[in-house]
Amino acid sequence: MVNNMWIIYALVSSIFSGLTSILASYSSKLNKVDSILITTIRTFIILILSFISTIFLGKLLQIITLSLKTIIFLILSGVSTTLLWIFYFKALDTGDVSKVTPIDKTSIILTLILSMIFLHEKITIIKIISITLILIGTLLTVNKKTTNEKDNKWILYSVLTAIFTSTTTIISKIGLNNIDSVLATFIRTVIVFIILMFIVIFKKKYVYLKDISKKSMKYVIYSGITNTLSWLFYFASLKDGETSIVFTIEKLSIVVTILLSVIFLKEKLNRKQIIGIIIIVIATSLLMFT
């Protein structure tokens, strides 16, 4: 059972990731504020909580024992994560979510290929079938009623999101080889926060702080807490598990997000979405139990 704890960690990560999406979405509905500023605030919450976790578990002093290679890959992971977030929000800001999501989810295929090339993981028939089914299920769950397109830049942003989603996972996996996952989460968050703060200061986005309502800020903080838990469990899973499988299991978050939106946001599911959810769950289960 111990050897398979990484599967449980990946599942828990997907739950908190889905919850983060709901809280972030609700916060956005309450108060329309610059996405990078909100992301910076959320990252600050993650930074504080990951630092507390590192201190509590007595992992902070491990920093002095880290190799140059580990430090470099953690920095690259932080940079890649920041670019992922920036391009993702740009994609959603300029494009229709029903078109952005399918392109973003192609990161599952890219991760499978990259994990084979750089991590020497095997591509099996089960993986191919599962990932194909998950992509089909994702397409079915996308709500196509939104019309948010401003120009065609969303295509480029969506493709870049998929690329950086995959590369972040591969780089993070390599960087986790000789470091505790909690400490790795903290160091990576430091990098992300520094880059985002530079953007906020350079573009003077801090002037919009006054526009954030107290209620909206409360949900930003909540989403920061759930995002922290999602990251901690994800990197704990990634450290010990097979990258392509961990990454795919975490994508169950889309199911969690949809179900929570039904419960808390009173959104309704159509038949196609229900079928999509069932397909995703079956495909993920196929991966977990093989």
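Cavity, for my purposes: on a 1 Å grid over the protein atoms alone, a set of points where a 1.4 Å probe fits but cannot get out, with lining residues having an atom within 4 Å of a point.

Housekeeping: this is a predicted model, where local features need pLDDT of at least 70, side-chain atom pairs count only at pLDDT 80 or more, and totals for chains, interfaces and linings use all residues. Residues are numbered from 1 along each chain as its sequence is written, and side-chain values use heavy atoms, with hydrogens and water left out.

**Cavity.** I looked for cavities of 30 Å³ or more and got one. The largest holds about 30 Å³ (the space filled by probe spheres set on the points). I list L74, S77, S172, L176, A184, T185, R188 and F235 as its lining. Helix 3 (68-94) and helix 8 (181-202) are the elements giving two or more residues to that lining (helices are DSSP runs of H or I, at least four residues). Helix 8 gives the most, three residues.

**Helix 10.** Next I checked residues 243-250. Eight of the eight are buried (under 20% relative accessible area, 1.4 Å probe, protein chains only), so helix 10 is largely enclosed by the rest of the structure. Among them are F247 and E250.

**Surface patch.** I found a nonpolar patch with about 910 Å² of accessible area together (Shrake-Rupley, 1.4 Å probe), including I109, F118 and L286. Its residues have over 30% relative accessible area and no salt bridge (Lys or Arg side-chain nitrogen within 4 Å of an Asp or Glu carboxyl oxygen), with nonpolar side chains joined within 5 Å. Helix 5 (107-118) supplies the largest share, five residues.

Conventions. Patches are made of residues with over 30% relative accessible area and no salt bridge: like charges are joined within 9 Å, nonpolar side chains (Val, Leu, Ile, Met, Phe, Trp, Tyr) within 5 Å. Buried means under 20% relative accessible area, exposed over 50%, partly exposed in between (1.4 Å probe, protein chains only). On a 1 Å grid over the protein atoms alone, a cavity is a set of points where a 1.4 Å probe fits but cannot get out, and a pocket is an open set with protein on both sides within 12 Å along at least five of seven lines; lining residues have an atom within 4 Å of a point.
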